[in-house]
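User: Please take a close look at the part of this protein that surrounds the second ligand, and at the helices that build it. I would also like to know how that part relates to the other ligand shells.

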Amino acid sequence: MDLHRLLQSLPFIEAPEENDEIIGISNNHQKVEKGHLFICIKGHSFDGHNFAEEAINKGAVAIVAERPLQLEVPVILVKDTKKAMAILADAFYHHPTQKMHLIGITGTNGKTTTSHMVDSIFKDAEHSTGLIGTINIKIGSKVLETKNTTPDSLELQKVFHEMVEEKIDTAIMEVSSHALVQGRVNGCDYDVAVFTNLSQDHLDYHHTMAEYKRAKSLLFSKLGNTYSTKHPKFAVLNADDEVTELLASETSAHVVTYGINKAADFQADSITYHSHGVTFKLLSPEGEREIHLPLAGEFNVYNALAAIATAYVSKIPFHSIIQSVEQAKGVPGRFELVNGGQKFAVIVDYAHTPDGLENVLRTIQQFADKRVFCVVGCGGDRDPSKRPLMAQIACKWATDPIFTSDNPRSEDPSAIIEDMKKGVVGKRYLIEPDRKKAIECAIDLAEEGDVVLVAGKGHETYQIIGDKVYDFDDRLVSLNAIMKK
Ligand SMILES: CC(=O)N[C@H]1[C@@H](OP(=O)(O)OP(=O)(O)OC[C@H]2O[C@@H](n3ccc(=O)[nH]c3=O)[C@H](O)[C@@H]2O)O[C@H](CO)[C@@H](O)[C@@H]1O[C@H](C)C(=O)N[C@@H](C)C(=O)N[C@H](CCC(=O)O)C(=O)O
Ligand SMILES: Nc1ncnc2c1ncn2[C@@H]1O[C@H](COP(=O)(O)OP(=O)(O)OP(=O)(O)O)[C@@H](O)[C@H]1O
Ligand SMILES: N[C@H](CCC[C@H](N)C(=O)O)C(=O)O
Ligand SMILES: [Mg+2]
C-alpha cells in the first residue's frame, strides 16, 4: 500500500511529498525490513524514538513519531503513536475485523475459560474460528505462541488478516485491561463484548480500582460507536457484578445479562454441585432447561452462562449451544487434575488473584472431606497488594497452606513471601521458596482422601527467576512427585 493511501486513515495528518510503497509496518527496529514504516513507541522500558536511525539503516522508508526527529526519510508526527499504530495497522491489513464476527471478552477472571467455551460452541455449530488469548493464538488448526494475553495492534491486525485469508468467520479474543488502556485493540470492530467480573488485580499498573474499572469499561463504551457496518452490537454483562451497572450505562449496544443471584436474561437456578461438575436450571429467553455442566465450581457456571449468552446473541441455534456446553472440556491449567494413580486429588489451577484463589478453594471445599494442601506464591513485578490477601485466603480455606514462589521475576522471592505473610495472623503454614520442593512436600504429606491444590501457574511451562526463563510445569512436577512417592 502506498504511504499516502495508508495515511488517509489518520485524519489531520499532513502527508509528506514522498509516496513510497509501504510493504510492512514495524514498531521494533530489529524486525524492520526494506520498505517498512517504522513507528516509534515510547514504552515502559524503552523509547522507540531512539531506534529510528537504526530502523532507517535496516530499510525503513518513513517514520511515525511523537516528536520531531532530524532524519533523511519523512517523519509523520502524531500525538499518540500507540493509537496511530492501531489505526494504521487496521488500514494496512484492509480492516480485517469488519469482515468477521468478533467477540471480545474482558474481566479479571474467567476470560480464557469463557473464550474456550465460546470457541467450542461455534466450532460445534460448524463455524470456522480463531482464538486469541493467554494460552496461545489459534487460526483454525494453526497454533501460534504469544507473549501477551492481548497482542499489540500490529500483531493483532496481522493475525486477523491471516484469519480472513483462512476464511475464519468468527474470532474470539481475551481483551486485557492493559490492552484497553494501551489502545492495542483500537480499530477492532467488535460485535459482542463480554464482561466476566471485576476484582482486585493489576493495581501496580492501574493504581486504583476506579482506574482499573475505567480501563475495562473502554471495551463497552466504544462498542456501537464505531463507523462499523456490522449491526447489531451486544454487551453481555454479569448481572451479579456491581460494575455491570456502569458498563450498561456507558454502552450504546444491546445489553444482555447473565448471572445467578439477580434476575438476568440467562440465569442459573437450583444449582447442585458434585465432584465431576454442576447441574443447574437455565432460565433463558428460550425457556427453562436443565444443564449438566461437566466442569466444577460456581465460577464455571458464570463462565458457561456468559458463553451461552454470547453464542445466543450471535445466532447460534439454542439446542446446539446446550449440547456443546454439556460437553465442555476443561482448559489446560484450569482445575486440571493430575493423575498418577494416587489416592488423593492433585489439582493444578491458574488462580493468581485473591478472587480466583478463593473461588477454587471454595469449590474444593464442596467435595473435600479431609485435608486441603494449597501450594501458592505470588508473581514478582506484579501488584504487591494482592500478596497478603492471597495468603490470607489460602489460610482461610486450606488446612495446610504452603507458601512458595510463583514467577519472582526481578524481585527477591523471600521478600514476596514476606509480603504474603503480612496477611496471616494465628494460622499455621509452611514456607518453601523452591516451588518444586514445595509441590513435592505437599504430595509427600498428602494421604488418601486429601486434596492438593497447586495454584498460580496453571498452563505455564516455565518459571521466570531474575531475567532467566527456566522450564517448569506444575503438572509435570506434580506427576513426577506422585511417581516418586
Ligand atoms: C507494561 C506493559 O504492558 N508492557 C507492554 C508494552 O510494552 P512497552 O510499550 O512498554 O514496550 P517497551 O519494551 O518499553 O518498548 C518500547 C518500544 O521500543 C521498541 N524497541 C525496544 C527495544 C529495542 O531494542 N528496539 C525497539 O525498537 C519496542 O518494540 C517498542 O515499540 O507493549 C508491548 C506490546 O504490546 C507488550 O508486549 C508489553 O507487555 C509486557 C511484556 C507485559 O508483561 N505486559 C503485561 C503486564 C500485560 O500486558 N499483561 C496483560 C494480561 C493481564 C491480565 O492478566 O489480564 C496482557 O495482555 O498480556
Ligand atoms: N468466572 C470466574 N470467576 C472467578 N474466578 C474464576 C472464574 N473463572 C475462572 N476463575 C479462576 O481464575 C483462574 C483463571 O481463569 P482464566 O484463565 O479463565 O481467567 P483469565 O481472566 O483468562 O486470567 P488472565 O487474566 O490471567 O488471562 C482459574 O484458574 C480459576 O481459578
Ligand atoms: N496475566 C497475569 C498472569 C499472572 C500469572 C502468574 N503466574 C504470575 O506470573 O504472576 C499477569 O501477567 O499478571
Ligand atoms: Mg486469560
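Analyst: Helix 4 and helix 11 are oblique to each other, because their axes cross at roughly 125°, and angles from 115 to 145 degrees are neither roughly perpendicular nor roughly antiparallel. In this predicted model, the two axes come within 9 Å, and helix 4 passes helix 11 in a right-handed crossing. Helix 11 covers residues 318-325.

Helix 4 has another partner in helix 10. Their axes come within 9 Å and cross at roughly 45°, which makes helix 4 oblique to helix 10 as well. This crossing, too, is right-handed.

Both members of that pair take part in the shell around ligand 2. Which residues come closest to this ligand? They are Asn109, Gly110, Lys111, Thr112 and Gly356, out of 23 that surround ligand 2. Helix 4 (111-124), helix 10 (298-313) and helix 12 (354-365) are the elements that each give two or more residues to the shell. Helix 12 contributes the most, with 4 residues. By class, the shell around ligand 2 holds 13 polar, 5 nonpolar and 5 charged residues.

The domain division puts this shell in context. The chain is divided into domain 1 (3-92), domain 2 (96-325) and domain 3 (336-484). Domain 2 and domain 3 each supply at least three residues to the shell around ligand 2. The UniProt record, in an unreviewed entry, places the feature "domain: Mur ligase C-terminal" at residues 333-458. Over residues 333-458 the chain is 35% helix and 18% strand, and the C-alpha atoms at the two ends are 4 Å apart.

Ligand 1 draws on another pair of domains: domain 1 and domain 2 each give at least three residues to its shell. The centres of domain 1 and domain 3, taken over C-alpha atoms, are separated by 45 Å. Of the 21 residues around ligand 1, those that come nearest are Gly43, His44, Asn148, Asp152 and Ser176. Its shell divides into 14 polar, 4 nonpolar and 3 charged residues.

Two of those nearest residues, Asn148 and Ser176, also appear in the UniProt record. The unreviewed entry gives the feature "binding site" at Asn148, Thr149, Thr150, Ser176, Gln182 and Arg184. These positions span 37 residues in sequence, yet no two of their C-alpha atoms are more than 13.2 Å apart, so they gather at one spot. Thr150, one of them, is found in the loop between strand 8 (142-144) and helix 5.

Helix 5 (residues 153-165) in turn pairs with helix 3 (residues 81-92): their axes come within 9 Å and cross at roughly 15°. That makes helix 3 roughly parallel to helix 5, and their crossing is right-handed.

Ligand 3 completes the comparison. Thr149, listed in the UniProt "binding site" feature, is among the residues around ligand 3. The others are His352, Gly379, Arg382, Asp406, Asn407, Gly456, Lys457 and Glu460. By class, the shell around ligand 3 has 5 polar and 4 charged residues, and no nonpolar ones.

Note on methods:
Residues are numbered from 1 along each chain as its sequence is written. Chains are lettered from A and ligands numbered from 1 in the order in which they are written. This is a predicted model: local features need pLDDT of at least 70, side-chain atom pairs count only at pLDDT 80 or more; totals for chains, interfaces and linings use all residues. A residue is near a molecule or strand if its C-beta atom, placed from the backbone, lies within 6 Å of it. Ala, Val, Leu, Ile, Met, Phe, Trp, Tyr, Cys and Pro count as nonpolar, Asp, Glu, Lys and Arg as charged, and the others, Gly among them, as polar. Domain bounds come from an automatic or database domain assignment. UniProt positions are given in the numbering used here, feature names are shortened, and annotations may be inferred rather than shown by experiment. Axes are lines fitted to C-alpha atoms, for helices over the stretch in contact, and angles run from 0 to 180 degrees between N-to-C directions. Angles under 35 degrees count as roughly parallel, over 145 as roughly antiparallel, 65 to 115 as roughly perpendicular and the rest as oblique. A crossing is left-handed if the near helix is turned anticlockwise from the far one by less than a right angle, and right-handed if clockwise.
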